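Thanks for making the time this morning. I would like to walk you through one model, beginning with an enclosed space and then moving outwards to the place where the chains meet.

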Amino acid sequence: MSVFPYLVAGWICVIGLYGIVTSKHLIHLALCLTVTQSSTYVLLLAVGYVQGGGPPIFKGVKLGTTAVDPVVQSLTLTDIVVSVTVLALILALALDVHDELDTMDPDRIAELQG
Amino acid sequence: MTRRIRVAIFLPALGLFGVLLAWALVGIPDFGHYRGPYGYLLNRVALPERHMTNVVTSVVFDYRGFDTMGEEFILFAAVLGVVLLLRQGGREQPDELNDSVGSDGVRIGGVLAVGACVLVSLWLIAYGFVTPGGGFQGGAALASSVVLVFLVSSHKAWSGVASDHALDPFDGVGAGGYVVIGLGALIGGLPFLTNVLGPGVPGTLWSGGSAAFVNWSAGMEVAAANLILFTEFIDEYVVPLAAGDTAG
């Protein structure tokens, strides 16, 4: 099962996309987008994992000790924080739609626009 | 486009994605057999070169500092968007929002928790390049600890600590400070964001040089950005709901 973590990442991505496609509510849609985005964290951390490796922090640990890839970790941590603010922006847009059109159904928005 | 058409388009695309994923999985190195070279290289050279014991932070604020600046401005732009959408000039503020938490136990425990959480967050930022932590994690934790004030006391106490007037400058200084530190190196004729303050002593607060200050500006920006988001959503949607409850 040496590819199992990659399969998990693929599954999280697909299940989030499925949620987006079949969504009936804008807030549900925004959360599904976050689920899809989370798959990239699993993928990145899985790519950088080294068998038996510790955290890439060498305070009290001898330099040269086996450690996992720090680059993918730094990408993941900045992305998590940024994704929260972007989610907030999407939710603000959804609330604006609700105020203007009085609906949260993505399909109803298209009807009202046409 | 109806839901049925969307699913009809999605399913073939899913099949194609499955094929591509299977193809990729055949060629990918086994889990735990990372091939490098950057991770291995950085784990070896970050401490001797930059004197930072937390290699992740040295990547975020030094080796990839320019990239992180871009990420900071995504954050800044997203917060700007939320503020533009939600902050309306003629917002009616209900003066008497009677939402004080009744339980003394929750209030006392909560206030103690706020102090402890703020301290831990500041420690996470300050020692971010020595032990696990950093500006992004500490900033997010700091914002959450201030939101505790709203949860354990009242909206009045919350608006005292988290007002637009107090937070906006922090957000701007956090985002701008990062750029100013980067430009500081240019004045000395060095590349943007060069560590001009020298590497310092490994394992102490005086390690990391300029990256320590970049770390603090990122922490300030992340904390202020998250708090601005909370204030906007609370003022725009939670307060009117709570006011409606007490009125009805």
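Please keep in mind throughout that this is a predicted model. If we look for cavities of 30 Å³ or more, the structure holds one, and its volume comes to about 50 Å³. Which residues line this largest cavity? From chain A the lining takes A:Ser74, A:Leu75 and A:Thr78, while from chain B it takes B:Val60, B:Arg64, B:Asp67, B:Thr68 and B:Glu71. Two elements give two or more residues each to that lining, namely helix H3 (70-101) of chain A and H4 of chain B. Sorted by class, the lining has two nonpolar, three polar and three charged residues.

Let me turn now to the contact between the chains, in which chain B takes part with 53 residues and chain A with 51 residues. The size of an interface is often given as the accessible area lost when the parts come together. Here the area buried between chain B and chain A is about 4600 Å², and carbon and sulfur atoms give 74% of that figure.

On the polar side of the account, 15 residue pairs are in polar contact between chain B and chain A, counting pairs with both residues at pLDDT 80 or more. Which helices of chain B supply at least two residues each to the side that touches chain A? They are helix H1 (3-27), helix H2 (38-50), helix H3 (55-63), helix H4 (65-86), helix H6 (135-152) and helix H9 (210-247). The largest share of that side, 11 residues, comes from H4(B), the helix that we also met in the lining of the cavity. By class, the side of chain B that touches chain A has 34 nonpolar, 12 polar and seven charged residues.

Finally, the salt bridges. Side chains of opposite charge can pair when their charged atoms come close. Over all chains the count comes to nine salt bridges, and three are found across the interface of chain B and chain A. One of these joins B:Arg3 to A:Asp105, with the closest N and O atoms 3.6 Å apart. This pair crosses from helix H1 of chain B, where B:Arg3 sits, to the loop between H3 and helix H4 (106-113) of chain A, which holds A:Asp105.

Notes:
Residues numbered from 1 in each chain as written. Chains lettered and ligands numbered in written order. Predicted model: local features only at pLDDT ≥ 70, side-chain atom pairs only at ≥ 80, totals over all residues. Heavy atoms only, no water. Contact = heavy atoms within 4.5 Å. Buried area = accessible area lost by both parts, 1.4 Å probe. Salt bridge = Lys/Arg side-chain N within 4 Å of Asp/Glu carboxyl O. Polar contact = N/O pair within 3.5 Å; in protein donor to acceptor, adjacent residues only side chain to side chain. Helix = DSSP H or I, 4+ residues; strand = E, 2+ residues; numbered from the N terminus. Nonpolar A, V, L, I, M, F, W, Y, C, P; charged D, E, K, R; others polar. 1 Å grid on protein atoms, 1.4 Å probe; cavity = no way out; pocket = protein on both sides within 12 Å on 5 of 7 lines; lining within 4 Å. Points joined across faces, edges and corners; volume = space filled by probe spheres on them.
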